[in-house]
Amino acid sequence: ASREHDTIWLKNIEQDLPIVKIDSFATHVLQILPHRDIAYWNDDLAIRYCHLSRPSETFELIRFSQVPEHMAISEDEKLIAFALSNRELRVWDSDTKSLRDDLFPHAEKVSSLAFTPSGRSLVTLSVNSTLRCWNVQTGQLTLERKLLPSDPVVQVGSSSFSPDLRYVALRPDDQSVHLFRLHTDGLVPSDQRAGGLAPSAR
């Protein structure tokens with residue numbers, strides 16, 4: 001799947017099936033759930049989806065009052081987290097087919113987010129380089145740590161977590177790239193063995 005301007009393109013690479021074009025406005029997020037064969041994306045304020053076997057049939061999952069800018073899906077594909085343009089984080093539960101009540105408030109915009117492998121915790125990185133870990137069940141903040149110095153003030157232009165959540169890479173507005181190794185229990189107290197957080201390379 002790829003996005004270009006106001007268009008999403010879907011193609012089955014394994015079977016070399018033709019590309020399917022889906023019109024979509026102001027698309028910021030696009031992800032595929034491989035086990036369920038479903039693609040999710042935002043069409044302005046709405047989250048839409050389609051089954052990959054029938055990509056021409058699209059459906060609305062939910063509509064927000066603010067634009068979804070980032071999305072993360074748990075490993076079991078039961079939870080979907082959305083970072084909205086008003087700095088809220090919302091979690092969709094596919095079992096209940098509804099949003100959870102917890103809002104996971106942020107003082108800054110979120111640059112990226114990811115679930116831990118167990119799905120019990122949600123990790124976010126804000127544009128001011130603050131790393132936070134949230135208990136998904138309770139909405140409680142379990143860790144908060146600044147990755148880059150506060151002086152001089154920098155803004156994270158882009159960032160990304162590795163699929164196994166062992167690393168996070170971020171590019172501040174000074175165009176440098178920082179890679180941090182995440183030792184998980186400092187990051188995810190309820191999920192993993194003891195550890196800490198350390199820069200791997202800069």
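**Aromatic rings, sheets, cores and a pocket**

Let me begin with the aromatic side chains, where Tyr40, Tyr49 and Phe59 come together as one aromatic cluster, and where the structure as a whole holds 3 aromatic pairs. Please keep in mind throughout that what we are looking at is a predicted model.

From Tyr40 we can step to a nonpolar core, since Tyr40 is also among the members of a core of 15 residues that includes Ile62, Phe82 and Trp92 as well. As background, nonpolar side chains in soluble globular proteins tend to be buried together. The largest nonpolar core has 16 residues, and the ones with the most contacts inside it are Leu125, Leu131, Leu147, Phe161, Val168 and Leu170. Two or more residues of this core come from each of the strands S13, S14, S16, S17 and S18, and the core of 15 residues that I mentioned lies apart from it.

Let me now follow strand S17, which covers residues 167-172. Which of its residues lie on the covered face, and which on the uncovered one? Val168, Leu170 and Pro172 make up the covered face, whereas Tyr167, Ala169 and Arg171 make up the uncovered one. On one hand, S17 runs antiparallel to S16, to which 5 bridges join it, and here Arg171 is the bridge partner of Ser158. On the other hand, S17 pairs with S18, again in the antiparallel sense, over 4 bridges, and Val168 has Phe180 as its bridge partner there. The hairpin of S16 and S17 has 5 residues between the strands, with Leu165 taking a positive phi near 60°, and the hairpin of S17 and S18 also has 5 residues between the strands, with Gln175 at a positive phi near 75°.

Elsewhere there is an open sheet of 4 strands, in the order S8-S9-S10-S11, with antiparallel pairing. Why is one side of S8 and one side of S11 left without a neighbour in the sheet? Both strands stand at the edges and have a single partner strand each, so one side of each stays free of a neighbour in the sheet. Inside this sheet, S9 and S10 pair over 5 bridges, and Phe82 has Arg90 in S10 as its bridge partner.

Finally, the largest pocket has a volume of about 500 Å³, and of the 24 residues that line it, Gln31, Ile73, Ala114, Phe115 and Pro163 are the closest to its centre. Strands S4, S8, S12 and S16 each supply at least two residues of this lining, with S12 giving the most, namely 5 residues. By type, the lining divides into 13 nonpolar, 9 polar and 2 charged residues.

How values were computed: Residues are numbered from 1 along each chain as its sequence is written. This is a predicted model: local features need pLDDT of at least 70, side-chain atom pairs count only at pLDDT 80 or more; totals for chains, interfaces and linings use all residues. Side-chain values use heavy atoms; hydrogens and water are left out. On a 1 Å grid over the protein atoms alone, a cavity is a set of points where a 1.4 Å probe fits but cannot get out, and a pocket is an open set with protein on both sides within 12 Å along at least five of seven lines; lining residues have an atom within 4 Å of a point. Grid points are joined across faces, edges and corners, and a volume is the space filled by probe spheres set on the points. Ala, Val, Leu, Ile, Met, Phe, Trp, Tyr, Cys and Pro count as nonpolar, Asp, Glu, Lys and Arg as charged, and the others, Gly among them, as polar. Rings of Phe, Tyr and Trp (its six-membered ring) pair if their centres lie within 6.5 Å; planes under 30 degrees apart count as stacked, over 60 as edge-to-face and the rest as tilted. A nonpolar core is a set of buried Ala, Val, Leu, Ile, Met, Phe, Trp, Tyr and Cys residues joined through side-chain atoms within 4.5 Å. Buried means under 20% relative accessible area, exposed over 50%, partly exposed in between (1.4 Å probe, protein chains only). Two strands pair if DSSP finds at least two bridges between them.
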